[in-house]
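Before any use of a model of this kind, it helps to have a plain account of its overall dimensions, its parts and its ligand surroundings. The report below is meant to be read beside the sequence and the coordinates.

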Amino acid sequence: MPVSESFAARLAPIIGDLAETCGTPFHIYDAAGMLATHRAMVAAFGDWPFRQYFAVKALPNPAVLSRLLAAGSGLDCSSPVELQLARAVGARGEQVVFTSNNTVAEEYAAARIAGALITFDDPAHLARAEHLPEVVAFRVAPHGAAAGSTLMGGAGQSKFGVPRGQLVVAYRQAQARGATRFGIHGMTCANERDAGAAIRAARDLVAAAAEVAEALGIAFDYVNFGGGLGIPYRPGEAAFDFPAYAAATREMLSAAFPGSRPRVLMECGRYVTGPHGVLVARVVNRMAKERQIVGLDASMSALMRPGFYRGAYHHITLPFVALGGRAPVTVDVVGSLCENIDRFAVDRSLPDPRVGDLVYIHDTGAHGHAMGFTYNGRLRPAELLLTEAGEVLEIRRAETFADYTGTLRWDPVAVGPALHETSPIPAAGA
Ligand SMILES: Cc1ncc(COP(=O)(O)O)c(C=O)c1O
């Protein structure tokens, strides 16, 4: 959807100069908007123990992470490098959740030593852990209302989590190893805007937790509902009703666990920062082929979602073209990669874009820059942050040739034993 009116209004007087001085493309994020979303989530849970752990993978930039941390958010990490980043911005102990997939024992050990809350993706992972964390949590495979998501896969095909039917056994194994405190995790939805659907999926997770609690006589310290709350990418789409979701969650937990108040954890990324970012690019080519093509100076290396997920929509506007100022034309908006899927929009009606126009691609605040790559030597752009005080900070510079080639061995280094030292090289024709 279009950026918030407030962000657009604060960008309007500065964006032209910024584009001139910084050069396009770049992502720019609205710190005030992100923090407001975080605070609204916390407020919705009222006095129920609740912590939102921002999914680092969505926007792994210290300037954003440290602001969220200072506002009381935790950080959800999915790899050792994300754990390092969380530590670097000052997150300690239970300010960090480690929810990963296909993970080796050393990574769980690193998370345990950091004091993070750990989600085990599979009982085999727990079995290989030399020491147990203080609280043992398993991720439940998508089931019930969460099953069938194309992003996560249903219980049968998903690579994520413990199938519901195996949960009791998994927790029993943890008990047998001496675990006394427990959590449970379910990534109950993916980019879900319908609070009703998210509530149904949350209910299934709570039912699974209640079943395990009863079977084993344990109490859960926390229920982690994961991330996956959606945002309205298209104009006119309704926003996720978070207050309704929070109220329903409180209610279902009270009913399932009378007399106790398991903490609610969430790991939202997209919902917190997604709408508060814009990719700013410039039109560099206008072509009439069988289709009308608008070529930008940004490529999917800066935002891969439209190319990666079929039908994924990002709203596009031309901030300096007055409404009704130019006749609308149906165009494809493309980048420069040697890939036909490098299109930010297909069959999009825009006010006749011209070379030199600035373009906003909306909702790039989560899984945008972070999913970028450098294929074709089209390097990742800068990230800017509009601070709460109205200052614009460069929080990541644009990549350069030196970054692109930084890991190369221009003078190749011999590694390991040479083949001829281990076995004779067969003669030619042998
Ligand atoms: C385990 C887990 N938690 C949280 C997230 C964040 O998802 P979102 O940004 O859609 O909220 C993801 C996304 O891949 C995830 O896999």
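What follows goes from the whole chain to its domains, then to the nonpolar core and the ligand shell.

The structure is a predicted model, and its protein chain holds 13 helices and 17 strands. With 430 residues, a compact globule would be expected to have a radius of gyration near 22 Å, and because the protein chain has 24 Å, the two values agree. Along the principal axes, the C-alpha atoms of the protein chain fill a box of roughly 75 × 65 × 40 Å. Of the 430 residues in the protein chain, 42% are buried. Among contacts between residues at least 6 apart in sequence, 68% join residues at least 24 apart.

The protein chain is divided into two domains, whose bounds and contributions to their mutual contact are listed here.

| Domain | Residue range | Residues in the contact |
|---|---|---|
| domain 1 | 32-273 | 16 residues |
| domain 2 | 275-402 | 17 residues |

On the side of domain 1 that touches domain 2, helices α2 (31-45) and α10 (270-273) each supply at least two residues, and the largest share, three residues, comes from α2. By residue class, this side of domain 1 divides into nine nonpolar, four polar and three charged residues. Taken over C-alpha atoms, the centres of domain 1 and domain 2 are separated by 32 Å.

In soluble globular proteins, nonpolar side chains tend to be buried together. Here the largest nonpolar core has 107 residues, and those with the most contacts inside it are L75, V96, A116, F138, L205, V223 and I361. Helix α8, which spans residues 195-216, gives the most to this core, with 10 residues. This core also draws at least three residues from each of domain 1 and domain 2. One of the residues with the most contacts inside the core is A116; leaving aside residues up to four places away in sequence, A116 touches L83, V96, V97, F98 and A111. V96 thus appears both as a contact of A116 and among the residues with the most contacts inside the core.

Which residues are the closest to the ligand? They are A55, G227, E267, G269 and R270, out of 16 residues that surround the ligand. The shell around the ligand divides into seven nonpolar, six polar and three charged residues.

Methods
Residues numbered from 1 in each chain as written. Predicted model: local features only at pLDDT ≥ 70, side-chain atom pairs only at ≥ 80, totals over all residues. Near = placed C-beta within 6 Å. Nonpolar A, V, L, I, M, F, W, Y, C, P; charged D, E, K, R; others polar. Core = buried A, V, L, I, M, F, W, Y, C linked by C-beta atoms within 7 Å. Buried ≥ 20, exposed ≤ 12 C-beta atoms within 10 Å, placed from the backbone. Helix = DSSP H or I, 4+ residues; strand = E, 2+ residues; numbered from the N terminus. Domains from an automatic or database assignment. Contact = placed C-beta atoms within 7 Å. Rg over C-alpha atoms; globule rule 2.2 N^0.38 Å.
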